[in-house]
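Trainee: I have a new model to look at. Can you walk me through how to read it?

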Amino acid sequence: MPSNKTQSFGSIRIQEQDFSIETEYALLRKGKLSNIGAICTFTGLVREFGDRKDVTGMFLEHYPGMTEHCLQKILDQAAERWKLNDMTVIHRVGQLTLSEQIVFVGVSSAHRADAFAACEFVMDYLKTEAPFWKKETYTNDSQWVEAKQSDQQRIQKWSNNKT
Amino acid sequence: MNILFFASLRELLETDSEQWLDLKGAQTAGDILQQLKQRGEPWVSALSNEQLIISVNQEVSNLNTSISLGDELAFFPPVTGG
């Protein structure tokens, strides 16, 4: 979807250090205009998955430059599709341990329908398009996570239902 | 031309990047891929994966995408962020 906007929408941060949801929420709440009626946030965490008991955490690799560029396109598409006030995406990289925060998506809008939809849209597209790769780490070895078919299928929803 | 490799592909090839000063006649991303495969193993197996993704100047592309010397190419497996 081509964008006619000359200005990029929202803010994107790729970083190793953890983030504070309270801080990010407060920033979204301050807002750019006074017509914020809804704020929706999502946080993704490192969970213990698979059968192995010796999972120690997860390593996140990314393609510097392309990740920001790709996420910006996704945010711009969300802003064209819904009426949004502001949006923040933060994705951590590097070595993380179980239960750590990986990703944050926050969006402010006048109405909840736009906020909910935009938040989910950004997460669904981030998972299928943004160049990050996860590697599960165990006590003595590690293994790259495989991309999931279900993530590709979730994208269909956004083409079929143009709201 | 800068060629980058990421994730499991980077590990298989034991390199994350290389620089080419000469395209040796290559005109498309597919031509570059062919030249890399001419190196034998592990290049042939690693780059024959049908799920391999190719990007040119940080945009997802395909084998037919034209390339020039100043471009940045990258090869990587399906993404798993978020």
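**Reading chain B and its contact**

Mentor: Start with overall size, and keep in mind that this is a predicted model. A compact globule of 82 residues would have a radius of gyration near 12 Å, and chain B has 12 Å, so the two agree.

Trainee: What box do the C-alpha atoms of chain B fill?

Mentor: Taken along the principal axes, the box is roughly 35 × 30 × 20 Å.

Trainee: How many helices and strands does chain B have?

Mentor: Count the elements, then read their order. Chain B has three helices and five strands. Along the sequence, the pattern is β-α-β-α-α-β-β-β.

Trainee: What percentage of the residues of chain B count as buried?

Mentor: A residue is buried if 20 or more other C-beta atoms lie within 10 Å of its own. In chain B, 28% of the 82 residues count as buried.

Trainee: And contacts along the sequence?

Mentor: Take the contacts in chain B between residues at least 6 apart in sequence. Of these, 55% join residues at least 24 apart.

Trainee: Now the contact between the chains. How many residues does each chain give?

Mentor: Chain A gives 21 residues and chain B gives 13. On the side of chain A that touches chain B, α2 (66-81), α3 (112-129) and β7 (132-138) each supply at least two residues. The largest share, five residues, comes from α3(A).

Trainee: Which classes of residue make up that side of chain A?

Mentor: Sort them by class. The side of chain A that touches chain B has twelve nonpolar, five polar and four charged residues.

Notes:
Residues are numbered from 1 along each chain as its sequence is written. Chains are lettered from A and ligands numbered from 1 in the order in which they are written. This is a predicted model: local features need pLDDT of at least 70, side-chain atom pairs count only at pLDDT 80 or more; totals for chains, interfaces and linings use all residues. Two residues are in contact if their C-beta atoms, placed from the backbone, lie within 7 Å. Helices (H or I, at least four residues) and strands (E, at least two) are DSSP runs, numbered from the N terminus. Ala, Val, Leu, Ile, Met, Phe, Trp, Tyr, Cys and Pro count as nonpolar, Asp, Glu, Lys and Arg as charged, and the others, Gly among them, as polar. The radius of gyration is taken over C-alpha atoms; the globule rule is 2.2 Å times the number of residues to the power 0.38. A residue is buried if 20 or more other C-beta atoms lie within 10 Å of its own, exposed if 12 or fewer, and partly exposed in between; C-beta atoms are placed from the backbone.
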